[in-house]
Amino acid sequence: MNTAQLVIELCQSLVKHQSYSGEEEAVAKEIQDFAAKYFDEVHVDEVGNVLLKIKGKNEGPTVLFDGHIDTVPVNSKHWTKKPFYPEIVGDKIYGRGTSDMKGAVSAMIIAAIDFAKQTNKQFKGNIIVSCSVHEECFEGVASRSITRVEKPDYVVIGEATNLQLAIGQRGRAEIILETIGKPAHSSNPSAGVNAVYHMMKLVDLVKKVPLPNHPVLGDALLELTDIKSAPYPGKSVVPSNCTVTFDRRTLVGETKESILASIQQVIAEISSEDPTFQAKAYYSKGSEQCYTGATIIAERFFPAWVYDAEADFVKASLEALQQVQPTTVLTHYSFCTNGSHFAGEAGIPTIGYGPSFEYLAHIDDEYIQLSQLTQAVTGYAALMAALTALPTQSKGREEHV
């Protein structure tokens, strides 16, 4: 069976397994069974990430290729295709996870197998394919256990780039604003303090706070995504509590503290003018159950990251890709990825390269083009050759968290 057939069949076999976040066990087992025939080590960590390793015969860097195996849910009523029956129509495979991102995971696995075979493992260092969990709801948090086990010198994120080379992404934070009022009967509102009215004023002023811009990543964003009052339903009660959630797209250089500081300044200004005004701002916290039984808990703050186009590992990667795909150019992700941990938290030199288009993630009738899927195998193999030839990042390896 040739490489193209192999990667297509592997992609189809992974898509057949429904694998919502926290329910990845079946697809993880499928990967383990397939990889056991080809990889030197197959390991599942405490949260369920599947790590596949091929060892080179010479000392050198560890290069990690990361792709998540969880997907967002499906409403089958909105699909014209069967979401877990990966049908091929023309140049497309349809199914949940084809683009986001079991296609890329399949291409990474097949590329590693081909690279090891073509080189007879006469390369420097190690290649690891990490098939990670819980990315869809908790970008990068499950990846922390990967860098506790392995110490990669370079990371390649496989999220869709249309086969271009991504060198950064905006980060993401979920900010909660809460106003505290005083309950009263709605027939006598002056006896209470309406938390919703106070929230309306707070939101209006927070939306006017200037946001920064980055020459590569573009504008930071702040968008209200939900609002809740309590008690609910009110039933003739002035609401004594109101919370809103903001989705904040962050830029490099911004910190947890600096982002909240501008909002807390608005709260302080309103409070100085209105003694009845009480509010606070904080980051949302998440707790997710893994299929292994482990629990991951963290604030929903996922850092931005970007690398200079002149960085040695970026230049080497771009040159390698242009040798096999001459139209390759530099780009960046518009959404958040596991790079928030690898690059943003752990400081590991990281790039992104993957088949398909960003806009195909999470849509009904999701698909991946067969031509992109098969080309990605060639691209990943080129990156393996380029990055394993680079020096190890000894300082970074010691500092990974």
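In this model, I93 stands opposite I368 in strand β21, which makes a good starting point for a tour. The structure is a predicted model. From that pair of residues we can move on to the strands, a helix, the open spaces and a few unusual backbone spots.

**A small set of strands to begin with**

- I93 belongs to the story of strand β5 (residues 92-94), which pairs with β21 in the antiparallel sense over three bridges.
- These two strands are part of an open sheet of three strands, with the order β4-β5-β21 and antiparallel pairing.
- Which strands sit at the edges? They are β4 (88-89) and β21 (367-369), and each of them pairs on one side only.

**Strand β3 and its partners**

- Strand β3 covers residues 58-68, and eight of its 11 residues are buried, so the strand is mostly covered.
- With strand β6 (residues 124-132), β3 pairs in the parallel sense over eight bridges; here N58 stands opposite K124 in β6.
- With β7, strand β3 also pairs in the parallel sense, this time over four bridges; the bridge partner of D66 in β7 is I157.

**Helix α7**

- How far apart are the end C-alpha atoms of helix α7? They are 19 Å apart, which agrees with the 18 Å that its 13 residues (312-324) should span at 1.5 Å a residue.
- The buried residues of α7 are F313, V314, A316, S317, L318, A320 and L321.
- An α-helix has 3.6 residues a turn, so residues three or four places apart point the same way.
- Which elements cover the buried residues of α7? Among them are the strands β7 (154-157), β8 (165-169), β19 (330-333) and β20 (350-352), together with helix α9 (370-388).

**Pocket and cavity**

- The largest pocket has a volume of about 260 Å³. Of the 13 residues that line this pocket, the closest to its centre are E136, E139, F335, C336 and H362.
- Sorted by class, the lining of the largest pocket has seven charged, three polar and three nonpolar residues.
- There is also one cavity of 30 Å³ or more, and the largest cavity has a volume of about 30 Å³.
- Which residues line the largest cavity? They are S99, D100, E159, A160, F335, F357, E358 and A361; by class, four are nonpolar, one is polar and three are charged.
- Look for F335 in both places: F335 is among the residues closest to the centre of the largest pocket, and F335 also lines the largest cavity.

**Unusual backbone spots**

- Most residues other than glycine have a negative phi, and most peptide bonds are trans. The residues below are worth a look with that in mind.
- The peptide bond from D100 to M101 is cis, with omega near -10 degrees. M101 is found in helix α3 (residues 98-119), while D100 is one of the residues that line the largest cavity.
- A second cis peptide bond joins A230 and P231, where omega is about 0 degrees; P231 is in the loop between β12 (221-230) and β13 (241-250).
- N162 is not a glycine, yet its phi is positive, at about 60 degrees. N162 is in the loop between β7 and β8.
- Is N162 buried or partly exposed? With a relative accessible area of 28%, N162 is partly exposed, because buried means under 20% and exposed means over 50%.
- H362 also has a positive phi, of about 75 degrees, without being a glycine. H362 lies in the loop between β20 and β21 and, at 42% relative accessibility, counts as partly exposed.

Definitions and conventions
Residues numbered from 1 in each chain as written. Predicted model: local features only at pLDDT ≥ 70, side-chain atom pairs only at ≥ 80, totals over all residues. Heavy atoms only, no water. Expected span 1.5 Å × (residues − 1). Buried < 20%, exposed > 50% of the residue type's maximum accessible area, 1.4 Å probe, protein only. Contact = heavy atoms within 4.5 Å. 1 Å grid on protein atoms, 1.4 Å probe; cavity = no way out; pocket = protein on both sides within 12 Å on 5 of 7 lines; lining within 4 Å. Points joined across faces, edges and corners; volume = space filled by probe spheres on them. Nonpolar A, V, L, I, M, F, W, Y, C, P; charged D, E, K, R; others polar. Pairing = 2+ DSSP bridges.
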